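Have a look at the structure below, and keep it open while you read. We will ask how each label earns its place.

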2 protein chains.
Amino acid sequence: MGKKTLKASRIISRKKSSVRNIKLTLEYDGSSFYGFQRQPHFPTVQETLEQALSKLFNSRMKIKAASGRTDAGVHAENQIVNFYTRSLLAAEKIQRGLNHYLPASVVVKKTEAVPLSFHARYDVRSKVYEYRIWNSIHRSPLSANQTWHIPVALDLKAMRSAAGYFVGTHDFRSFCVKTSLTFKKGSGDICQRGTVRTVRSVEITKREEMIRIRVEANGFLHHMVRNIVGTLVEVGQGKIGPKDVRGILLAKDRTRAGRNAPACGLRLLNVSY
Amino acid sequence: MGKKTLKASRIISRKKSSVRNIKLTLEYDGSSFYGFQRQPHFPTVQETLEQALSKLFNSRMKIKAASGRTDAGVHAENQIVNFYTRSLLAAEKIQRGLNHYLPASVVVKKTEAVPLSFHARYDVRSKVYEYRIWNSIHRSPLSANQTWHIPVALDLKAMRSAAGYFVGTHDFRSFCVKTSLTFKKGSGDICQRGTVRTVRSVEITKREEMIRIRVEANGFLHHMVRNIVGTLVEVGQGKIGPKDVRGILLAKDRTRAGRNAPACGLRLLNVSY
């Protein structure tokens, strides 16, 4: 074998043997960040994570993908990202190392080596978001960063009835933030799948002052959960009838739905692949 | 009636008719404060509340008493304070006004006019504190400010068994921070009642990763709950046997008990009068 061939075969074998795809499960407090996606001049989860990765592997690292972006102020209990590395560092040591470099506002909860084909965004089968409402006359300093304070009574029965209209495959254009060029370019969602999504369930529970609204879907448009929650709250206040939700969906007009609920009440709960 | 007598009777009648004693129930996020009690150069709950009171009544206001101090970082769901005022402002308007001036970290949840004899500290019959532990391998950014993260398994059965030894009337000197002159002067507790307290109950519950330890007593020494929790955690780790708690109590020696649990896990839950 000539020198050149040998070198080429070495490169190939190194490539084959050593590139690993690592899947991370992250929890973060969104109030510390200007959202997930990297942007100049503002701290984001992506930048913070990539800085920790770069320190750990002693080279400039980038993640390959995240299950989706979360907006500024939105939290995550189980956000999924993946990145490639040639390092042989055991998953457990990657996790310990990253958690050493990450600030208190982010933690890696799970680290797994996965097949190279795994992609944190394209392979998503479904996601669950939870929205938390603090339903009490007075605001709650101890829950302020993680809830939307609504000081008036809400009709949960009407809200649950309205929630049923979201379940199924619908065009959610009425519950999607106005499409901007940036959004089109960035997420690809609008272009590829239009605004049709399948909502598997909308569950509303209440325990003491805390109302939790869990929405599971095969995918979400930008601001979709927050617009659904804003609409459900207006149903709870009697401003919109439960049955009106059907008409709002059919209208495909953002101005027909309720207000966009504040970011701090929202958390990405789980992602299924 | 002479001019002087008239003036004197006016003062008396104004005093009789218009001094009111107002009881407030407060919730606050202790991570924003250097404890409850006013001190120079650092933001405290008392100072923040007195500033709001002074703005509302347009004069220099002070509270009469609080059910007790909370240390820096300790939260409260229902702290009780009282203050005197000659204002005729309705309780509801006092509450709305105070909440307007208070920052997001403090809220008045209840405002009541009470008999002049009511004193928020002297009249306490019992208090309940809750301590929250985040018992999971990984730390939790979303619970970090309100829990103590313990990444190792805890034997809850042993902890519950140990908890039983605290219930009843005991000398809690082993669970009290070293007595300083400041402490003696400030609280008066040590001087009046010594270090004997009656613990009514110690309840330990677990739900997912969260362990809650609720302690009810007729009064608490400085750091008492945090020292009890630190000791229970060492029992849960097998460092102290449940039955050893009896000996630690009898020793009346702070060095025998477990470590002082961090402030952020603690919250004043309720005060009974």
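What follows is a set of questions and answers about a predicted model.

Q: Why is A:Cys176 called buried?
A: Buried means under 20% relative accessible area. A:Cys176 has 4% relative accessibility, so it counts as buried. In chain B, B:Cys176 is buried too, with a relative accessible area of 4%.

Q: How many disulfides does the structure hold, and what would make a pair of cysteines count as one?
A: A pair counts when its cysteine sulfur atoms lie within 2.5 Å. Over all chains, the structure holds zero disulfides.

Q: What makes α2(B) oblique to α3(B)?
A: Two packed helices are described by the angle between their axes and the distance between the axes. Helix α2 (residues 45-57) and helix α3 (residues 91-101) of chain B pack at about 120 degrees, and their axes are 9 Å apart. Roughly perpendicular covers 65 to 115 degrees and roughly antiparallel starts over 145, so this angle makes α2(B) oblique to α3(B). The crossing of the two helices, α2(B) and α3(B), is right-handed.

Q: Which residues make the contact of α2(B) and α3(B)?
A: From α2(B) come B:Ala52, B:Leu53, B:Lys55, B:Leu56 and B:Phe57, and from α3(B) come B:Ile94, B:Gly97, B:Leu98 and B:Tyr101. By class, the contact of α2(B) with α3(B) has seven nonpolar residues, one polar and one charged. Lys counts as charged and Gly as polar, so B:Lys55 is the charged residue and B:Gly97 the polar one.

Q: Why are α4(A) and α7(A) called oblique to each other?
A: The axes of α4(A) and helix α7 (residues 224-236) of chain A come within 8 Å and cross at roughly 135 degrees. That angle falls between the roughly perpendicular range, 65 to 115, and the roughly antiparallel one, over 145, and therefore the two helices are oblique. As for handedness, α4(A) passes α7(A) in a right-handed crossing. The contact involves A:Ala158, A:Met159, A:Ala162 and A:Ala163 of α4(A), together with A:Leu232, A:Val233, A:Val235 and A:Gly236 of α7(A). These residues divide into seven nonpolar, one polar and no charged.

Q: What makes α4(B) oblique to α7(B)?
A: In chain B, helix α4 (residues 156-163) and helix α7 (residues 224-236) have axes that come within 8 Å and cross at roughly 135 degrees. An angle that is over 115 but not over 145 counts as oblique, so α4(B) is oblique to α7(B). The crossing of α4(B) and α7(B) is right-handed.

Q: How do you know that A:Ala162 is buried, and where is it found?
A: A:Ala162 sits in helix α4 (residues 156-163) of chain A. Its relative accessibility is 0%, under the 20% limit, so A:Ala162 counts as buried. Setting aside neighbours within four places in sequence, A:Ala162 is in contact with A:Leu232, A:Val235, A:Pro242 and A:Val245.

Q: Why is A:Val108 called buried, and what is it in contact with?
A: A:Val108 belongs to strand β4 (residues 106-114) of chain A. Its relative accessible area is 0%, and buried means under 20%, so A:Val108 is buried. Beyond neighbours within four places in sequence, its contacts include A:Leu24, A:Leu26, A:Leu98 and, from chain B, B:His138.

Q: What makes A:His41 exposed, and what is its phi?
A: Exposed means over 50% relative accessible area, and A:His41 has 78%, so it counts as exposed. A:His41 lies in the loop between β1 (20-28) and α2 (45-57) of chain A. Phi of A:His41 is near 75 degrees, a positive value in a residue other than glycine. Most residues other than glycine have a negative phi.

Q: Why does B:His41 count as exposed?
A: B:His41 has 77% relative accessibility, over the 50% cut-off, so it counts as exposed. B:His41 is located in the loop between β1 (20-28) and α2 of chain B. B:His41 also has a positive phi, about 75 degrees, although it is not a glycine.

Terms used. Residues are numbered from 1 along each chain as its sequence is written. Chains are lettered from A and ligands numbered from 1 in the order in which they are written. This is a predicted model: local features need pLDDT of at least 70, side-chain atom pairs count only at pLDDT 80 or more; totals for chains, interfaces and linings use all residues. Side-chain values use heavy atoms; hydrogens and water are left out. Buried means under 20% relative accessible area, exposed over 50%, partly exposed in between (1.4 Å probe, protein chains only). Axes are lines fitted to C-alpha atoms, for helices over the stretch in contact, and angles run from 0 to 180 degrees between N-to-C directions. Helices (H or I, at least four residues) and strands (E, at least two) are DSSP runs, numbered from the N terminus. Angles under 35 degrees count as roughly parallel, over 145 as roughly antiparallel, 65 to 115 as roughly perpendicular and the rest as oblique. A crossing is left-handed if the near helix is turned anticlockwise from the far one by less than a right angle, and right-handed if clockwise. Contact means heavy atoms within 4.5 Å.
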